[in-house]
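Reader: I should be grateful for a close look at one part of this structure, followed by a connected account of other features. Please keep to what can be read from the model itself.

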Amino acid sequence: MTILPALCQKIQTELFTDMSRIIAVGCSFTYGHCLHTEDVRPVAASPQAWPGLVAQHFNRECVNLSWPGSNPRYCAARILDFDFKSDDVVLILWPNIHRNWIVTDWHAWRERNWRDEFHREPDLAVGSQFWTPVCKDYQRWWKRGYSNTSDRACDAWMAKHLVRLHLKDLGLDCVEYDVPAYDLDKNINIPDRFVTDWITEFPHWHTLYVDRAQDGMHPGFKAHKNFAKRWIKTIKQQGILE
Amino acid sequence: MNQRLIAFGDSSTRGEGLADVWVPHMKETVYTEKRRFSKLAWPSLVANKLGLKCVNLGSGGASNREIAVNIMNFKFLPTDIVCVLWTFPERDYIYKHPLKVRRNRGSYKEAGLKMSPKQADRMGYGSYYKDWVIPEDRDLDTVMFMNFARAYVLDRAQIYAAYTYVDLITEEFSLPDHTQLIKPDWPNIVDQANPYDYHPGMRTHDLWTKEFIRQIKRAQKKKS
């Protein structure tokens with residue numbers, strides 16, 4: 001089951017290497033987590049996740065930099081680390097702020113050879129820890145006072161601002177949305193100064209989220225198609241691509 | 001109104017240990033309402049040389065994250081000249097830590113918890129450095145904050161000049177072109193503030209002043 005996304009990525013890589021690109025960043029909702037398998041261990045971003053479908057529509061190569069469990073800091077690090085071309089279009093579905101990402105084993109990342117036939121570059125996600133509120137590590141870290149909602153909001157705000165300014169410096173087109181707040185954080189108040197008014201929640205998220213992936217949680221194939229249609233509509237409305 | 005020089009950094013920017021804020025019989029630095037920072041520190045020296053009003057927002061024990069948070073909390077004017085002297089990458093900061101929310105001076109009202117490996121065990125957050133961070137992670141953060149600060153300030157103020165007086169911890173990262181190691185850097189400071197305080201002394205501040213003025217003049221020339 002895990003061969004399929006890698007094979008699709010190989011085909012995409014071989015056919016579209018010199019084409020213009022769509023660069024997508026986000027978390028498991030962007031990655032296409034568990035679309036093809038119940039196994040939660042990430043192997044490769046699915047080409048049938050919404051970034052791949054958007055790229056297919058515009059006849060562009062898809063570079064999906066997302067990773068399940070990632071947070072805004074990871075997304076910012078990915079973007080700063082990336083070698084953009086002048087005609088890249090960047091799509092960001094910003095993850096929930098209640099996440100943490102730490103690099104835990106830099107040498108594992110650097111030394112492990114991910115430059116195989118399916119992947120182009122070593123993945124920043126290797127040798128990292130991704131924490132979500134359900135993880136015991138996250139809960140322990142929170143209980144010890146090593147973060148709080150304001151601190152997470154501050155972290156996310158800085159990451160989003162950095163990306164915005166970085167892409168503006170590079171002159172690249174970017175479309176950004178936030179993943180809508182989960183039920184568990186609907187009552188949490190983000191301090192006003194950390195509100196990023198240039199980014200809105202993904203529109204009609206719950207209406208478009210029509211089916212589930214193999215884990216019973218993440219979006220399924222139809223949901224990703226719906227999300228892709230919405231992204232395509234926004235890209236066209238903003239005059240970025242036709 | 002005088003054009004302003006806004007300085008960000010840690011205690012070395014604030015001028016800890018220098019003669020005008022050092023109280024010899026107490027053997028410590030004391031800041032007052034009227035003397036919130038040392039006028040012998042590099043920000044005041046730079047401001048005096050350039051005929052600017054000095055706003056020194058150096059904060060003792062600040063980490064690079066705290067410096068970045070202070071920058072983003074500040075209301076810049078389009079004419080401001082902003083100088084940043086970054087610090088030890090291993091330090092960290094938790095914004096609005098529940099134990100540390102209090103009124104603070106300047107434009108920021110919520111304080112945060114300042115963290116450093118040296119104080120970790122004594123202050124009760126030893127597990128933070130043992131379990132959750134590695135040096136590369138701190139370096140990654142530092143480089144991101146340096147890039148963030150520059151982009152953020154240039155969007156709002158006139159000139160941005162930055163150095164760090166402590167190099168990155170690991171060789172995995174390198175300092176951005178816009179923020180290099182100042183001379184003299186931390187291990188090579190030429191003098192101490194006084195025999196009881198390890199902070200940089202007047203000669204070091206003079207040398208730092210020259211570096212900042214050079215960078216500001218270069219930026220001004222580029223703009224014109």
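Author: B:P184 has its place in the loop between β9 and β10 (192–194) of chain B, in what is a predicted model. The peptide bond that leads from B:K183 to B:P184 is cis, its omega being near 0°. Most peptide bonds are trans, and most residues other than glycine have a negative phi. The second part of that rule concerns a residue in chain A: A:N59, which is not glycine, has a positive phi, near 55°. A:N59 is found in the loop that runs between α3 and β2 (61–64) of chain A.

Strand β9 (179–181) of chain B also bounds another loop, the one between β8 (159–164) and β9, and B:H178 is found there. Leaving aside residues up to four places away in sequence, B:H178 touches B:M146, B:N147, B:R150, B:A162 and B:Q215. A further relation concerns B:R218, which is 40 residues from B:H178 along the chain; the C-alpha atoms of the two are separated by 12 Å.

The helix contacts may be taken next. Two packed helices are described by the angle between their axes and the distance between the axes. In chain B, helix α3 (residues 64–73) and helix α6 (residues 135–154) have axes that come within 9 Å and cross at roughly 15°. Angles under 35 degrees count as roughly parallel, and α3(B) and α6(B) are therefore roughly parallel to each other. Their crossing is left-handed. From α3(B), the residues B:N64, B:R65, B:A68, B:I71 and B:M72 meet B:T142, B:F145, B:F148, B:A149, B:Y152 and B:V153 of α6(B). Sorted by class, this contact of α3(B) with α6(B) has eight nonpolar, two polar and one charged residues.

A second pair in chain B consists of helix α2 (residues 42–50) and helix α7 (residues 202–223), whose axes come within 8 Å and cross at roughly 50°. α2(B) and α7(B) are therefore oblique to each other, and α2(B) passes α7(B) in a right-handed crossing. On the α2(B) side the residues are B:W42, B:L45, B:V46, B:K49 and B:L50; among those they meet in α7(B) are B:M202, B:H205, B:W208, B:F212 and B:I216. The contact of α2(B) with α7(B) divides into nine nonpolar, two polar and three charged residues.

In chain A, the axes of helix α3 (residues 50–57) and helix α9 (residues 221–237) come within 8 Å and cross at roughly 50°. That angle makes α3(A) oblique to α9(A). The crossing of α3(A) and α9(A) is right-handed. A:W50, A:L53, A:V54 and A:H57 of α3(A) take part in the contact, as do residues of α9(A) including A:H224, A:F227, A:W231 and A:I235. By class, the residues of the contact of α3(A) with α9(A) are eight nonpolar, two polar and two charged.

There remains the empty space inside the model. Rolling a probe the size of a water molecule over the atoms shows where such space is left. The structure holds three cavities of 30 Å³ or more, and the largest cavity has a volume of about 190 Å³. Its lining comprises 19 residues, of which A:N100, A:R152, B:D92, B:Y128 and B:R138 are the closest to its centre. At least two residues of this lining come from each of β4 (100–103) and α7 (149–170) of chain A and β6 (92–94), α5 (126–132) and α6 of chain B. The lining of the largest cavity divides into nine nonpolar, one polar and nine charged residues. Helix α6 of chain B thus appears in two settings: it contributes to that lining, and its residues meet those of α3(B).

Notes
Residues are numbered from 1 along each chain as its sequence is written. Chains are lettered from A and ligands numbered from 1 in the order in which they are written. This is a predicted model: local features need pLDDT of at least 70, side-chain atom pairs count only at pLDDT 80 or more; totals for chains, interfaces and linings use all residues. Side-chain values use heavy atoms; hydrogens and water are left out. Axes are lines fitted to C-alpha atoms, for helices over the stretch in contact, and angles run from 0 to 180 degrees between N-to-C directions. Helices (H or I, at least four residues) and strands (E, at least two) are DSSP runs, numbered from the N terminus. Angles under 35 degrees count as roughly parallel, over 145 as roughly antiparallel, 65 to 115 as roughly perpendicular and the rest as oblique. A crossing is left-handed if the near helix is turned anticlockwise from the far one by less than a right angle, and right-handed if clockwise. Contact means heavy atoms within 4.5 Å. Ala, Val, Leu, Ile, Met, Phe, Trp, Tyr, Cys and Pro count as nonpolar, Asp, Glu, Lys and Arg as charged, and the others, Gly among them, as polar. On a 1 Å grid over the protein atoms alone, a cavity is a set of points where a 1.4 Å probe fits but cannot get out, and a pocket is an open set with protein on both sides within 12 Å along at least five of seven lines; lining residues have an atom within 4 Å of a point. Grid points are joined across faces, edges and corners, and a volume is the space filled by probe spheres set on the points.
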